Amino acid sequence: MKKIIKILTILIIILAAIIIYLSIYGIKTEKFNNEIKKNVSKINKNINLSLNEVNYLLNPLNFSINISAKNPKILLEDKSLDLRDIITNISFKSFINNHFSIDDIEISTKEIQIKDLISLTRKVKGSPQLFILDSITKAGLISANINLTFDIDGEIKKDYQINGTIKKAKFHTFNQVEIENLNLSFDISKNQLTLKKVETKINNINLKSSLIKVQEKNNRFFIEGEVISDHQNFDINKLKPILGDLLSTIETEKIDFNSINIFSFNINKNLKLNDLKLETDLNLKNLKIVKNSLDLKTFLPNYNKQVKLKEHKIKIKLTKDIIDIKGKGNIYIGDEVEQLYYKINNNDGTITFDTKLNIKNNPLIINFLDYEKEKGDSSEILLKGIYKKNKELIFQTISITERNNLILFKDLLLSKNFKIKDLDYVKLDYKNKNNLFNRVELKRNKSNFSIKGKSFDATQFINNSMNDDEGSIIFENLNSKFDVKIDTTYLNKNDYTKNLFGNFTFKESKLSKLNLESAFSNNKKMNLSIKTNNQKEIITKFFSNHPEPLIKRYDFIKGFEEGYLNFYSIKKDGVSDSVLVVDNFKVKEVPVFAKLLSLASLQGIADLLTGEGIRFTDFEMRYSSRKGHTKIEEMYAIGPAISILMDGYIESKKLVSLRGTLVPATTINRSIASIPLLGKILIGDKTGEGVFGVSFKIKGPPKNLSTTVNPIKTLTPRFITRTLEKIKKN
């Protein structure tokens with residue numbers, strides 16, 4: 001009995017020792033390699049596993065055997081993938097019976113090239129997505145730990161777990177988006193991918209994220225997370241592949257910013273992105289735009305096509321096709337800083353905007369309104385409106401406020417060519433550059449308008465109306481009537497009229513009819529009428545028995561007084577034929593002709609030019625104009641002291657070319673009185689006789705005219721004929 005007990009004790013000790021040895025050290029053998037390969041091939045029949053010795057370690061607690069293989073390889077055609085180890089467990093009973101199946105398996109890889117993994121995966125199961133991924137992947141390492149469990153049929157259960165790391169990955173997409181130095185750790189479980197400690201550069205922008213989740217739902221991947229961009233300075237032009245045409249019209253220097261971005265979106269199996277949501281807090285430290293397509297120098301003299309943004313706090317929200325941007329900060333115009341606030345919303349291509357610009361350190365000029373804000377005065381500009389898909393622009397509000405000055409436009413609709421298509425309301429209440437008040441309102445009344453006010457400076461309007469350029473049409477498809485009633489209308493800084501009233505009508509954006517009347521402070525009248533007849537001729541008539549305020553705007557006539565003015569013009573196809581008649585007036589100085597008279601040494605005439613003035617009984621000018629070119633067919637003036645006959649042409653702001661005859665009145669009277677002896681008067685009885693006046697030529701740029709004169713012995717028949725016509729008329 002003692003021997004039996006002793007033998008059993010020895011056997012138990014031996015068995016325990018074997019169990020302990022197998023539990024601690026296990027055994028190495030290749031005997032079951034084929035069985036392991038067979039079970040691994042159940043994952044995918046195309047996979048071939050290369051094994052050396054396999055270590056079998058007993059787990060007595062659950063009656064199983066732990067099987068581990070060091071440094072195995074996955075083989076597939078000419079591709080191989082190095083692994084660190086493969087670990088699995090089988091029941092002790094299956095091991096004893098030499099018949100076992102794998103219930104679970106753990107696979108650990110070494111750091112392998114991402115491209116090798118993609119290439120191997122494509123051979124197992126090819127797809128367009130893997131082809132695209134292979135094409136854009138340039139570099140990177142991946143390592144993973146894979147835990148799989150199998151059902152009784154050898155199929156992988158859905159409770160698998162995969163985790164690992166990606167290091168120094170590099171991707172270049174087809175639209176030139178560069179993802180470089182991507183580092184992260186990942187966890188993959190049923191229908192979910194979690195990315196942690198993500199750090200990368202996208203087109204040289206440093207980005208990092210503590211957590212990004214990817215979840216599969218209905219064959220789509222839902223991705224959400226937070227990305228932080230640290231403070232950095234980089235070349236914004238590297239974003240052109242991402243932002244597309246947004247940067248095509250501007251040129252920038254480096255941008256300095258940081259941001260926090262919370263995002264989510266869906267990707268379907270065709271890699272199409274949907275339901276993008278993005279919330280960004282952007283801290284823009286510095287952005288300098290050195291060149292852009294906006295020409296603002298007319299309004300902001302210090303503007304040099306360079307705009308610098310500093311210390312801007314911007315919030316961006318993106319939901320589906322809606323982008324909402326709110327921001328504020330400093331904007332530099334030239335070297336001076338101003339304050340800018342803005343709200344921008346892009347809803348499927350329709351952009352609404354609400355901006356406020358405070359200008360204090362820069363001058364602000366609006367030439368067509370004769371408005372000027374000087375440096376140091378604070379002005380607030382509000383722009384609120386909508387930019388439509390069809391490129392129409394609606395300004396719901398445009399306002400400029402500065403001290404007691406207000407310029408306000410409401411519901412201004414501009415076409416894609418920036419022509420005015422519609423307008424609802426305008427209020428002008430400001431003091432202009434001439435130190436005159438503009439206080440008028442324009443109001444819509446259905447399809448027509450009314451213009452009413454206390455005072456209006458028409459100086460700029462008169463100057464612009466004398467420009468014969470067809471391109472100055474600012475309306476598009478305007479068909480409306482305007483009723484006008486203004487208490488005081490200034491023609492220049494010193495002259496004004498009272499009770500301007502009347503109306504004008506636009507058809508197809510062109511003025512078709514106008515009737516305006518007003519009276520000067522001395523009760524003298526003026527009226528203007530314009531109409532378009534059935535032959536599409538524009539007929540203009542203007543009359544005033546106080547023309548001095550209108551004529552004295554011309555620098556070549558000074559000291560104009562008295563007289564009556566009649567103007568008549570017919571315009572068609574851009575060509576106008578006009579007649580200007582002024583009766584019973586006098587001038588104190590005509591600089592161009594004063595020089596002529598002094599050169600001609602005509603006694604007594606030059607003195608009159610600086611005395612009481614030269615009186616004329618008649619002045620008439622016939623001329624035609626087309627696109628900045630004015631042809632003077634004839635300009636004739638006759639008076640008690642002097643008469644002038646002239647023709648020529650003027651190219652606007654470029655060239656003046658005039659020629660004519662200037663004759664003292666005594667010579668004319670003597671000539672006309674002697675018409676029966678016309679031959680002797682025109683030629684003279686003796687050499688040197690019959691010199692009546694001078695012929696002259698004036699030519700050159702408007703500010704640098706050259707004058708030449710020659711004495712004349714005879715008057716031309718044309719001069720005499722025109723003089724006789726005038727005398728007969730009077």
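A residue counts as exposed here when its relative accessible area is over 50%, so N477, at 58%, makes the cut. That's a handy yardstick for what follows, which is a quick tour of a predicted model. The protein chain has 730 residues, 38% of them buried, and its secondary structure adds up to 13 helices and 42 strands.

**The chain as a whole**

- If you look at contacts between residues at least 6 apart in sequence, 47% of them join residues at least 24 apart.
- The chain shows about 42,600 Å² of accessible surface, and carbon and sulfur atoms account for 53% of that.

**The nonpolar cores**

- The largest nonpolar core has 91 residues, and the members touching the most others are F186, Y371, I407 and F482.
- A separate core of 28 residues sits apart from that one, with Y623, A637, L662 and F696 among its members.
- Take Y371 as a way in: setting aside neighbours within four places in sequence, Y371 is in contact with L364, I365, I366, S379, I400, E402, N405, I407, Y430 and K433.
- One of those partners, I407, is itself on the list of core members that touch the most others.

**The second largest pocket**

- This pocket has a volume of about 200 Å³.
- Its lining is made up of E372, K373, E374, D377, E402, R403, N405, K431, N432, K433 and N435.
- Sorted by class, that's eight charged residues, three polar ones and no nonpolar ones.
- There's a link back to the core here: E402, N405 and K433 are in the lining, and E402, N405 and K433 are also contacts of Y371.

**Buried strand residues**

- V440 belongs to strand β28, which covers residues 437–445.
- V440 counts as buried because its relative accessibility is 8%, and the cut-off for buried is under 20%.
- Beyond its neighbours within four places in sequence, V440 is in contact with V426, K427, L428, K452, G453, S455, F456 and I486.
- Pick V426 from that set and you get a C-alpha to C-alpha distance of 8.2 Å from V440, with the two positions 14 residues apart in sequence terms.
- G329 is part of strand β18, residues 322–333, and is buried with a relative accessible area of 8%.
- Not counting residues up to four places away in sequence, G329 touches K310, E311, H312, E338, Q339 and L340.
- The C-alpha atoms of G329 and L340 are 5.6 Å apart, while the two residues are 11 apart along the chain.
- I289 is in strand β16, residues 273–291, and is buried too, at a relative accessible area of 15%.
- I289 and V307 are 18 residues apart along the chain, yet their C-alpha atoms are separated by 5.1 Å.
- V307 falls at the start of the residue range given for strand β17, 307–319.

**Backbone angles to check**

- E311 isn't a glycine, but its phi is positive, near 55°.
- E311 lies in strand β17 and is partly exposed, with a relative accessible area of 42%.
- E311 is also one of the residues that buried G329 touches.
- N477 is another non-glycine with a positive phi, about 60°.
- N477 is found in a loop, the one between α7 (459–465) and β30 (480–490).
- As noted at the top, N477 is exposed at 58% relative accessible area.

Notes
Residues numbered from 1 in each chain as written. Predicted model: local features only at pLDDT ≥ 70, side-chain atom pairs only at ≥ 80, totals over all residues. Heavy atoms only, no water. Helix = DSSP H or I, 4+ residues; strand = E, 2+ residues; numbered from the N terminus. Buried < 20%, exposed > 50% of the residue type's maximum accessible area, 1.4 Å probe, protein only. Contact = heavy atoms within 4.5 Å. Areas by Shrake-Rupley, 256 points an atom, 1.4 Å probe, with all protein chains shown as cover. Core = buried A, V, L, I, M, F, W, Y, C linked by side-chain atoms within 4.5 Å. 1 Å grid on protein atoms, 1.4 Å probe; cavity = no way out; pocket = protein on both sides within 12 Å on 5 of 7 lines; lining within 4 Å. Points joined across faces, edges and corners; volume = space filled by probe spheres on them. Nonpolar A, V, L, I, M, F, W, Y, C, P; charged D, E, K, R; others polar.
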